[in-house]
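Student: Can we go through some of the labels people put on a model like this and check what stands behind them? I'd like the value and the cut-off each time.

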Amino acid sequence: MTAITASMVKELRDRTGLAMMECKKALTEAGGDIELAIDNLRKSGQAKAAKKAGNIAADGAITIVQNGNKAILVEVNCQTDFVAKDENFKNFSDKVATAALAANETDAAKIAELKLEDGSTVEEARVALVQKIGENIQVRRAQIVEGENLAIYKHGLKIGVVVSYTGDADTGKGIAMHVAAFNPVAVNAEAVPADLIAKEKEIAEAKALESGKPANIVEKMVTGSVEKYLNEVALDRQMYVIDNDKKVADVLKATGTVVAQFTRFEVGEGIEKKAEMSFADEVAAAQAAAAQ
């Protein structure tokens with residue numbers, strides 16, 4: 001049997017984009033024949049999909065599907081805006097969202113295992129689409145929103161919002177548009193996560209102490225900074241996007257509307273481009289993992 005050398009693994013990795021251990025496995029199954037290994041990988045669709053998986057997919061679209069009092073937001077990423085507008089990409093995103101909502105599933109790894117109407121899994125359909133379109137495509141995240149009334153708003157392909165509310169329908173729609181535009185953190189100040197407030201307080205304290213003011217003045221400066229932050233990120237304290245003379249809280253009170261919750265997805269938020277791991281680094285990582 002032909003010995004599988006590091007140089008053989010590296011060559012297959014460079015030509016296919018697969019991880020080192022997968023290349024070694026493919027070479028072992030092919031008896032050390034690189035061309036046969038590539039043919040086998042191409043037949044299974046792994047080579048092309050794996051090569052594309054190394055590319056950063058930070059573009060894409062937000063898809064929203066509603067069924068009764070439940071709606072799901074799904075972010076599916078690709079590499080370019082051109083593909084995000086492609087009908088094949090859109091159809092795939094719609095099918096994924098429909099399947100995920102029906103299964104009440106929001107975990108991306110579990111969504112990949114869901115069956116679509118044609119009998120294929122989401123992952124199989126994704127790999128097939130990568131082969132067809134030629135870009136890395138990933139189902140990144142999903143969130144389900146439930147409520148007595150749901151208002152849905154999409155700003156192009158990039159931003160999607162679902163608001164759960166009771167009360168006036170037009171106000172509900174307006175709030176969904178507002179959330180898309182102003183990106184609040186929570187419905188009210190009480191619901192703003194404590195860690196965000198603590199971080200803002202820490203920053204405000206550092207700035208206030210640099211001023212050299214007395215402790216009592218510093219305390220007032222910090223309190224004022226935190227209050228200003230809450231006015232900016234709490235939905236009910238923001239100035240209403242449709243009528244800048246009114247706060248959201250005033251609009252909600254005037255129309256008898258109560259916002260229970262909202263979810264806002266924006267394509268690519270939080271995705272950072274990472275440097276590709278070198279072959280040497282990958283070998284070191286594999287050795288470290290094996291030693292554990």
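Tutor: Sure, start with T121, and keep in mind that this is a predicted model.

Student: Why is T121 called buried?

Tutor: T121 has a relative accessibility of 14%, and buried means under 20%. So T121 counts as buried.

Student: Where does T121 sit, and what does T121 touch?

Tutor: T121 is in the loop between α7 (108-111) and α8. Leaving aside residues up to four places away in sequence, T121 touches A112, E113, L114, K115 and L116. What makes these contacts is heavy atoms within 4.5 Å. T121 is also 9.6 Å from V96 in space, C-alpha to C-alpha, with their positions 25 residues apart in sequence.

Student: On to α8, then. What makes E123 and R126 a salt bridge?

Tutor: Their closest N and O atoms are 2.9 Å apart, and the cut-off is within 4 Å. So the pair counts as a salt bridge. E123 and R126 both lie in helix α8, three residues apart, which is about one turn.

Student: Are E123 and R126 buried or exposed?

Tutor: R126, at 11%, is under the 20% limit and therefore buried. E123, at 32%, falls between 20% and 50%, so E123 is partly exposed.

Student: How do you know that D94 pairs with K90?

Tutor: Here the closest N and O atoms are 3.0 Å apart, again within 4 Å. Both residues belong to helix α6 and are four residues apart, about one turn. In general, an α-helix has 3.6 residues a turn, so residues three or four places apart point the same way. As for accessibility, D94 at 26% and K90 at 42% are both partly exposed.

Student: And why is K228 called exposed, but E232 partly exposed?

Tutor: K228 is at 52%, and exposed means over 50%, so K228 passes. E232 is at 44%, which lies in between, so E232 is partly exposed. The two form a salt bridge, with closest N and O atoms 2.8 Å apart. They are four residues apart in helix α11 (residues 215-233), about one helical turn.

Student: How many salt bridges does this rule give?

Tutor: The count comes to 12. There is also a network of salt bridges linking D59, D81, K85 and K158.

Student: How do you know that the buried residues of α2 line one face?

Tutor: In α2 (residues 20-29), M20, C23, A26 and L27 are buried. Viewed down the axis of α2, its buried residues fall within an arc of 125°, so they line one face of the helix. The face turned away from that buried side carries the exposed residues M21, K25 and E29. After α2 comes G31, with a positive phi near 65°.

Student: Last one: what makes up the lining of the second largest pocket?

Tutor: The lining residues are N88, N91, F92, K95, L116, D118, S120, A125, A128, L129 and K132. The elements that give two or more residues to this lining are α6 (87-103) and α8 (122-133). By class, the lining has five nonpolar, three polar and three charged residues. The pocket holds about 170 Å³ of space.

Student: Why do N88 and K95 land in separate classes?

Tutor: Lys counts as charged, while Asn is among the others, so N88 is polar and K95 is charged.

Methods:
Residues are numbered from 1 along each chain as its sequence is written. This is a predicted model: local features need pLDDT of at least 70, side-chain atom pairs count only at pLDDT 80 or more; totals for chains, interfaces and linings use all residues. Side-chain values use heavy atoms; hydrogens and water are left out. On a 1 Å grid over the protein atoms alone, a cavity is a set of points where a 1.4 Å probe fits but cannot get out, and a pocket is an open set with protein on both sides within 12 Å along at least five of seven lines; lining residues have an atom within 4 Å of a point. Grid points are joined across faces, edges and corners, and a volume is the space filled by probe spheres set on the points. A salt bridge is a side-chain nitrogen of Lys or Arg within 4 Å of a carboxyl oxygen of Asp or Glu. Buried means under 20% relative accessible area, exposed over 50%, partly exposed in between (1.4 Å probe, protein chains only). The arc is that of the directions from the helix axis to the C-beta atoms.
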